[in-house]
Amino acid sequence: MLVWGSFIGLIIIFLALDLGVFHKHEHVIKTKEAGIWTAIWVTVALSFSGVIYWLFSNNIIDNPTGLTPNDAVLKYITGYLIELSLSVDNVFVIAVIFSAFKIPAIYQHRVLFWGILGAIVFRALMIIFGVALINKFDWIIYVFGVFLLYTAFKMLKSDENEFQPKKSFVFKQIKKLYPITSTINGHNFFVKRMGVNAATPLFVALVVIELTDILFALDSIPAILAITADPFIVFSSNILAILGLRSMYFLISRMLEKFRYINYSLVVILAFVGLKMLFSHHIEIPEWVSLTVISVSLVGGIISSLLISEEKDREKS
């Protein structure tokens, strides 16, 4: 419990510093600043693998799955890369949401901050639930595997422009439950107009982002559970990937057109993890193989996106 409490306390300190110190004054996040923060978060996350090794080598934390320190580190890094790569898909959706509700760039960090805070809570609950299911029912891993394969197939066939936040079920329900104004009043989530409290587009965007993140978690949590059922590794790798999501958004949201092939990387990763789950009781895949497949898929999608120009795509079509 001391380890868990210390980690959660560290996350709270990170969040407090983020909003209360480094982003105390609202400003538009430039690409250079986003790049620096992305590098910082990735460095922090990868450096945490040293903490994982120390915890497991000294038996400071419970080890229900009997991992060696080296295996624990490999599983942590693999899980982190899975979560980081699947977070890229989040960036595309967040960009669409901000565009649909016309959220000014200066307030986007504030919305994402509270969105990430909610995501941490929801994912913690889903991780606890998922780990408990796998530990109690061995067969549930097959359900997760089939679900991930279905998700990969759906992602392969989906249209990138099909998501329309203002036509979504969530937005329609918010309108029924609470008055909504189209006016943005600074960074406020609520305003009072003619004696009536109303939600601003910032709050609506926040709710839609929260709920879409829960849907994304339905993919990412089973994916990392295919790597390990150790609760601390699952939780720490997941949360550290989420913390870097904001800076990643500001870094690559302006270059979305250049990452046209990243979805294919995610399809390969989800399909691989789904198959790994389905054959987990029959074939033992070394962790370095998982790490290699995930890394090569992600790098391959990025390189393909940068090398293959849009003109070549048009010529082929």
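**Exercises on a predicted model**

Lys102 is exposed, its relative accessible area being 65%. The cut-offs are under 20% for buried and over 50% for exposed, with partly exposed in between (1.4 Å probe, protein chains only). The model is predicted, so local features need pLDDT of at least 70 and side-chain atom pairs count only at pLDDT 80 or more, while totals for chains, interfaces and linings use all residues. Residues are numbered from 1 along each chain as its sequence is written, and side-chain values use heavy atoms, with hydrogens and water left out.

**Exercise 1. Two loop residues**

Find where Lys102 lies and give the sign of its phi. Then do the same for the place and phi of Asn59.

Solution.
- Step 1: Lys102 sits in the loop between α3 and α4 (105-136). Helices here are DSSP runs of H or I with at least four residues (strands: E, at least two), numbered from the N terminus.
- Step 2: The phi of Lys102 is positive, near 55°, and the residue is not a glycine.
- Step 3: Asn59 belongs to the loop between α2 and α3.
- Step 4: Asn59 also has a positive phi, about 55°, although it is not a glycine.
- Step 5: Asn59 has 64% relative accessibility and therefore counts as exposed.

**Exercise 2. Helix α2**

Compare the span of α2 with the expected span, and name its buried residues.

Solution.
- Step 1: The helix has 27 residues.
- Step 2: The expected span is 1.5 Å times one less than the number of residues, which gives 39 Å for α2.
- Step 3: From first C-alpha to last, α2 reaches 40 Å, close to that value.
- Step 4: Its buried residues are Ala34, Trp37, Thr38, Trp41, Ala45, Phe48, Ser49, Ile52, Leu55 and Phe56.

**Exercise 3. Aromatic pairs**

How many aromatic pairs does the structure hold? Classify the pair Phe7 and Phe232, then the pair Trp37 and Trp41.

Solution.
- Step 1: Rings of Phe, Tyr and Trp (its six-membered ring) pair if their centres lie within 6.5 Å; planes under 30 degrees apart are stacked, over 60 edge-to-face, and the rest tilted.
- Step 2: There are 14 aromatic pairs.
- Step 3: For Phe7 and Phe232 the ring centres are 5.6 Å apart and the planes stand at 75°, so this pair is edge-to-face.
- Step 4: Phe7 is in helix α1 (residues 2-22) and Phe232 in helix α8 (residues 231-243), so the pair links parts of the chain 225 residues apart.
- Step 5: Phe7 and Phe232 are both buried.
- Step 6: For Trp37 and Trp41 the centres are 6.4 Å apart and the planes at 35°, so the pair is tilted.
- Step 7: Trp37 and Trp41 are four residues apart in helix α2 (residues 31-57), and therefore about one helical turn separates them. Both are buried.
- Step 8: One aromatic cluster is formed by Trp4, Phe7, Phe48, Tyr76, Phe232 and Phe235.

**Exercise 4. Salt bridges**

How many salt bridges does a search of the whole structure find, and which side chains meet?

Solution.
- Step 1: A salt bridge needs a side-chain nitrogen of Lys or Arg within 4 Å of a carboxyl oxygen of Asp or Glu.
- Step 2: The search finds one.
- Step 3: It joins the side chains of Glu83 and Arg123, at 3.4 Å from N to O.
- Step 4: Glu83 lies in helix α3 and Arg123 in helix α4, 40 residues apart.
- Step 5: Both Glu83 and Arg123 are buried.

**Exercise 5. Helix α9**

How many residues of α9 are buried?

Solution.
- Step 1: The helix covers residues 245-252, which is eight residues.
- Step 2: Seven of the eight are buried.
- Step 3: Among them are Leu245, Met248 and Phe250.
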